[in-house]
Amino acid sequence: EIGSTYIECDLSQQHLWAYKDGKLFLETDYVSGTTNGVHETPVGVHKIWSREKDRELKGKNLDGSKYVT
């Protein structure tokens, strides 16, 4: 049981829906981890431990080039 307040993410479409008390209050695109097996976003039901605002996601592409998003 996840309750009536939760976030549902579609990893393949990079889109999420946030619900509070069973009602949709946010729908938006997002950026998750890569699918290369190193920084992959785990699939399943998970608890959100923290929230960050105005944060840059930095890393390296498979070709070694750097990215910031």
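Let's start at glutamate 56, which counts as partly exposed at 49% relative accessibility. Keep in mind that this is a predicted model. Exposed here means over 50%, so glutamate 56, with its 49%, gets the label partly exposed.

Who does glutamate 56 pair with? Its side chain meets that of lysine 58 in a salt bridge, with 3.7 Å from N to O. The cut-off for that kind of pair is 4 Å, so the 3.7 Å between glutamate 56 and lysine 58 makes the list. Lysine 58 itself counts as exposed, at 58% relative accessibility. Look at where lysine 58 sits, too: strand 4 covers 58–60.

Now for the other pair. Glutamate 52 and arginine 55 bring their side chains together in a salt bridge with an N to O distance of 2.5 Å. Arginine 55 has a relative accessible area of 60%, which means that it falls in the exposed class. Side chains of opposite charge can pair when their charged atoms come close. How many salt bridges does the count come to? The tally is 2 salt bridges. On the charge side of things, the protein carries 9 positive and 11 negative charges, and the mean positions of these two sets lie 9 Å apart.

Carry on along the chain past strand 4 and you reach leucine 62, in the loop that leads from strand 4 (58–60) to strand 5 (66–68). Is leucine 62 buried or exposed? Its relative accessible area is 77%, so leucine 62 is exposed. For a sense of what lies across from this loop residue, take threonine 34: its C-alpha atom is 9.6 Å from that of leucine 62, although 28 residues separate the two along the chain.

Time to zoom out. Those two strands belong to a set of 5, and the protein has 0 helices. Read in sequence order, the pattern is simply β-β-β-β-β.

What about the overall dimensions? The C-alpha atoms fill a box of roughly 45 × 25 × 20 Å along the principal axes. The radius of gyration is 14 Å, whereas a compact globule of 69 residues would come out near 11 Å. Burial can be put in numbers as well: 9% of the 69 residues count as buried. The accessible surface comes to about 6400 Å², and carbon and sulfur atoms account for 51% of that area. Finally, take the contacts between residues at least 6 apart in sequence: 10% of them join residues at least 24 apart.

Note on methods. Residues are numbered from 1 along each chain as its sequence is written. This is a predicted model: local features need pLDDT of at least 70, side-chain atom pairs count only at pLDDT 80 or more; totals for chains, interfaces and linings use all residues. Side-chain values use heavy atoms; hydrogens and water are left out. Helices (H or I, at least four residues) and strands (E, at least two) are DSSP runs, numbered from the N terminus. The radius of gyration is taken over C-alpha atoms; the globule rule is 2.2 Å times the number of residues to the power 0.38. Buried means under 20% relative accessible area, exposed over 50%, partly exposed in between (1.4 Å probe, protein chains only). Contact means heavy atoms within 4.5 Å. Accessible areas come from the Shrake-Rupley method with a 1.4 Å probe; for residues, only the protein chains shown count as cover. Lys and Arg count as positive and Asp and Glu as negative; His and the chain ends are not counted. The place of a charge is taken as NZ of Lys, CZ of Arg, CG of Asp or CD of Glu.
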